[in-house]
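Biologist: Could you take me through one part of this model slowly, the packing of a pair of helices, and then show me what lies around that pair? I would enjoy a connected account rather than a list.

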There are 2 protein chains.
Amino acid sequence: MGRTSDARERLLEAMMELIWVGSFGSTSVDHICERAEVKKGSFYHFFESKHALAMAAIEHGWDAFQVRLDKAFSVSLPPLVRLETWIKQLIAEQVEMKAKHGRVLGCPIHTLGSEVGAMDDIFQKVLKGKLALYLRYLESAIRDAHAEGVVQAPDASAKAKIVFSYSEGLLAHARIWNDLSILDSLYDGVKDILRLDNSLIPA
Amino acid sequence: MGRTSDARERLLEAMMELIWVGSFGSTSVDHICERAEVKKGSFYHFFESKHALAMAAIEHGWDAFQVRLDKAFSVSLPPLVRLETWIKQLIAEQVEMKAKHGRVLGCPIHTLGSEVGAMDDIFQKVLKGKLALYLRYLESAIRDAHAEGVVQAPDASAKAKIVFSYSEGLLAHARIWNDLSILDSLYDGVKDILRLDNSLIPA
DNA sequence: TTACCACTTAACCAACCAGTCAACTAAACA
DNA sequence: TGTTTAGTTGACTGGTTGGTTAAGTGGTAA
């Protein structure tokens, strides 16, 4: 009963875009509504607050992201290929966003998490959950790679955390410099951390 | 002539504190004035805008930080001791801030830089300058360590960038998790990246 | 065909935002 | 001691903030 609408989806996507390009603090409800072509009353019909929309937008964005993660880290692939695909996807996404918005955007979860700090408990809980999930993909691939003997990582969990922090740090660096070429070193950096002399892909 | 005042310094410190604990966006001129116990009129007597104060506060905070960097990375010390002192200082600072504000704050320049992205050119120029300067300390110590043969870093510049991105990523991680213990792995992580089996300090 | 209700619309609110200003105060120096 | 002037004060502005409300509109399902 009643009419249908895609305003909810348009709001989710506008919010994600604005938070990613700018920040949570710099994104106002009016801006979101304008971008989504939705009137303010409709906004509050679908979401009870700006915070609630932000949470839903992160959740929504993550779901799409996880599909790509599942593909990149498919257990059907050799572990080194998984890692290589992950890096390729990551860079491709940044290239796409730079083409779209003229800026290197980095990782939205890390950027948003840094911004709000531990100021908002519920918010932070969601972000921490996603980041922990992300880390698991890396850890599993590195553990498998170690088991195959193609990588030196007796403590796969510790190694994954290093790779993860490094990649997030580098993404933030690229965002601050607004320079895609900074990401060129990601491939070699991960190789270095994992002690791979040759290509990630075995010949 | 005319009276003197330390209101300028109080404003600089209040701004630094509020930006570091929260964010630029969440910090209002009223908050700054309240924290610094300065009336708004006085604020605009010393600084022409909130932006201008933020820039001055970063500059002011960096100057104090650089004194500690110069001490930690003193060429009089063996390169590995420099790196160890750097990590010790970094952690000590985070411990101090957590005791003071109840939160792990991470690196203010990286956090602020991520927040404003490339949206504010002048802002970003200052932040990039500081980060580039910071990187030089690491690079020099790693190059010296390699020359002494105590570290495996034929490309000291590349290695320094990895260590730097890793440390910034880890700091952001600790901020998001609001957990000091995350920083415990910094020591081992840097050792791993630099290929040091034993303690950083030679026996 | 009609009744219901999910959705839409625009006007509205109090609080807050960055920034202005003119009158005022007191410390430093001659 | 008197003059200068850097620093102080509080009231003010116009615009924006997140959020509310009440009256409508039109698609859907019975």
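Modeller: Happily! In this predicted model, H7(A) and H8(A) are oblique to each other. Helix H7 of chain A covers residues 121-147 and helix H8 of chain A covers residues 156-177; they pack at an angle of about 125°, and their axes are 8 Å apart. That angle lies outside the 65 to 115 degrees that count as roughly perpendicular and is not over 145, the bound for roughly antiparallel, which is why the pair is called oblique. As for handedness, H7(A) and H8(A) make a right-handed crossing.

Now look at the residues that make this contact. From H7(A) come A:Leu135, A:Leu138, A:Glu139, A:Ile142, A:Arg143 and A:His146, and these meet A:Ala156, A:Ser157, A:Lys159, A:Ala160, A:Lys161, A:Val163 and A:Phe164 of H8(A). Sorted by class, the contact of H7(A) with H8(A) holds seven nonpolar, two polar and four charged residues.

Another helix pair in chain A makes a nice companion to this one. Helix H1 (residues 7-21) and helix H4 (residues 50-72) of chain A pack at an angle of about 90°, with axes 9 Å apart, so H1(A) and H4(A) are roughly perpendicular to each other. Here A:Leu11, A:Leu12, A:Met15, A:Met16 and A:Ile19 of H1(A) meet A:Leu53, A:Ala54, A:Ala56, A:Ala57, A:His60 and A:Gly61 of H4(A). The contact of H1(A) with H4(A) has nine nonpolar and two polar residues, and no charged ones.

Let's step back to the whole chain. Chain A has nine helices and zero strands, and its C-alpha atoms fill a box of roughly 60 × 40 × 30 Å along the principal axes.

The H7 and H8 elements come up again where the two chains meet, this time in chain B. In all, 35 residues of chain B are in contact with 35 residues of chain A. On the chain B side, helices H6 (108-116), H7 (121-147), H8 (156-177) and H9 (184-194) each give two or more residues. H8(B) supplies the largest share of that side, 13 residues. By class, the side of chain B that touches chain A has eleven nonpolar, 17 polar and seven charged residues.

How are the two copies placed? A turn of 180° with a shift of 0.0 Å along the axis lays chain B on chain A with an RMSD of 0.1 Å, and that is the relation of a two-fold axis. Moreover, 100% of the interface residues of chain B are also interface residues in chain A, so the copies meet through the same surface.

Finally, the DNA. Around DNA strand C there are 23 residues, the closest being A:Gly2, A:Ser5, A:Gly41, B:Ser28 and B:Gly41. H3(A) gives the largest share of the surface near strand C, four residues, and that surface divides into five nonpolar, eleven polar and seven charged residues. DNA strand D is surrounded by 23 residues, and the closest are A:Ser28, A:Gly41, B:Gly2, B:Ser5 and B:Gly41. For strand D, the largest share, four residues, comes from H3(B), and the surface near strand D has five nonpolar, eleven polar and seven charged residues.

Note on methods
Residues numbered from 1 in each chain as written. Chains lettered and ligands numbered in written order. Predicted model: local features only at pLDDT ≥ 70, side-chain atom pairs only at ≥ 80, totals over all residues. Least-squares fit on C-alpha atoms with pLDDT ≥ 70 in both. Contact = placed C-beta atoms within 7 Å. Nonpolar A, V, L, I, M, F, W, Y, C, P; charged D, E, K, R; others polar. Near = placed C-beta within 6 Å. Axes fitted to C-alpha atoms, helices over the stretch in contact; angles between N-to-C directions. Parallel < 35°, antiparallel > 145°, perpendicular 65-115°, else oblique. Left-handed = near helix turned anticlockwise from the far one by under 90°.
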